[in-house]
Amino acid sequence: MAIRHLVLLNFKDDLSPATRTELETAFVALSLQIDGITAFDWGINHSVEGLGKGFTHVFNFTFVDAAARDTYMVHPAHLAFVAQLQPCLNDVIVLDYDL
């Protein structure tokens with residue numbers, strides 16, 4: 001069964017636009033580096049409801065199955081990206097669900 005992996009990011013307020021762009025590019029690159037990802041999209045929140053609670057970015061991966069998601073979680077490229085990303089965040093939400 002396919003798995004959707006949804007990541008919402010709340011960046012630190014003092015993060016430079018250049019660093020934010022670098023992190024966006026690196027997150028997109030993961031979708032090309034790791035097997036088992038069947039779809040990927042991302043975007044920046046522009047909801048007019050005002051309910052985003054500071055979360056500005058959403059990254060949406062679809063994995064062929066739970067095993068592919070599990071491989072992604074420990075993949076060296078993912079782990080290196082997480083190490084780069086974590087110091088730049090106020091908060092993160094990660095949700096996985098079956099398709």
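Read along the sequence, the protein runs β-α-β-β-α-α-β, that is, three helices and four strands. Helices (H or I, at least four residues) and strands (E, at least two) are DSSP runs, numbered from the N terminus.

This is a predicted model, in which local features need pLDDT of at least 70 and side-chain atom pairs count only at pLDDT 80 or more, while totals for chains, interfaces and linings use all residues. Residues are numbered from 1 along each chain as its sequence is written, and side-chain values use heavy atoms, with hydrogens and water left out.

**Whole chain**

Start with everything selected. The C-alpha atoms fill a box of roughly 35 × 30 × 15 Å along the principal axes. Of the 99 residues, 31% count as buried; buried means under 20% relative accessible area, exposed over 50%, and partly exposed in between (1.4 Å probe, protein chains only). Turn on the surface: the protein exposes about 5,900 Å², and carbon and sulfur atoms supply 59% of that area. Accessible areas come from the Shrake-Rupley method with a 1.4 Å probe, and for residues only the protein chains shown count as cover.

Now colour by charge. There are 5 positive and 12 negative side chains, and the centres of the two sets lie 5 Å apart. Lys and Arg count as positive and Asp and Glu as negative, with His and the chain ends not counted; the place of a charge is NZ of Lys, CZ of Arg, CG of Asp or CD of Glu.

Among contacts with a separation of 6 or more, 76% join residues 24 or more positions apart. Contact means heavy atoms within 4.5 Å.

**Strand S1: His5 and Leu8**

Select residues 3-11, which form strand S1, and pick His5 in it. His5 is buried, at 3% relative accessible area. Its side chain makes a polar contact with the side chain of Asp96, at 2.5 Å. A polar contact is a pair of N or O atoms within 3.5 Å; within protein, one must be able to donate a hydrogen and the other to accept it, and residues adjacent in sequence count only if both atoms are side-chain atoms. Beyond four places in sequence, the contacts of His5 include Phe59, Phe61, Tyr72 and Val94.

Stay in strand S1 and move to Leu8. Leu8 is partly exposed, with 23% relative accessibility. Leaving aside neighbours within four places in sequence, Leu8 touches Phe55, His57, Val58, Asp91, Val92 and Ile93.

**Strand S4: Tyr97**

Go to strand S4, residues 89-98, and select Tyr97. At 36% relative accessibility, Tyr97 is partly exposed. Show Arg4 as well: the two C-alpha atoms are 5.3 Å apart, although 93 residues separate them along the chain. Not counting residues up to four places away, Tyr97 touches Ala2, Ile3 and Arg4.

**Helix H1: Gln33**

Next, select Gln33 in helix H1, residues 17-33. Gln33 is partly exposed, at 45% relative accessible area. Outside its neighbours within four places in sequence, Gln33 is in contact with His75 and Ala77. Measuring C-alpha to C-alpha, Tyr72 lies 9.7 Å from Gln33 and 39 residues away in sequence.

**Loop: Lys53**

Finish in the loop between strand S2 (37-44) and strand S3 (57-63), where Lys53 lies. Which sign does phi of Lys53 have? It is positive, about 50°, although Lys53 is not a glycine. Lys53 is exposed, with 73% relative accessibility.
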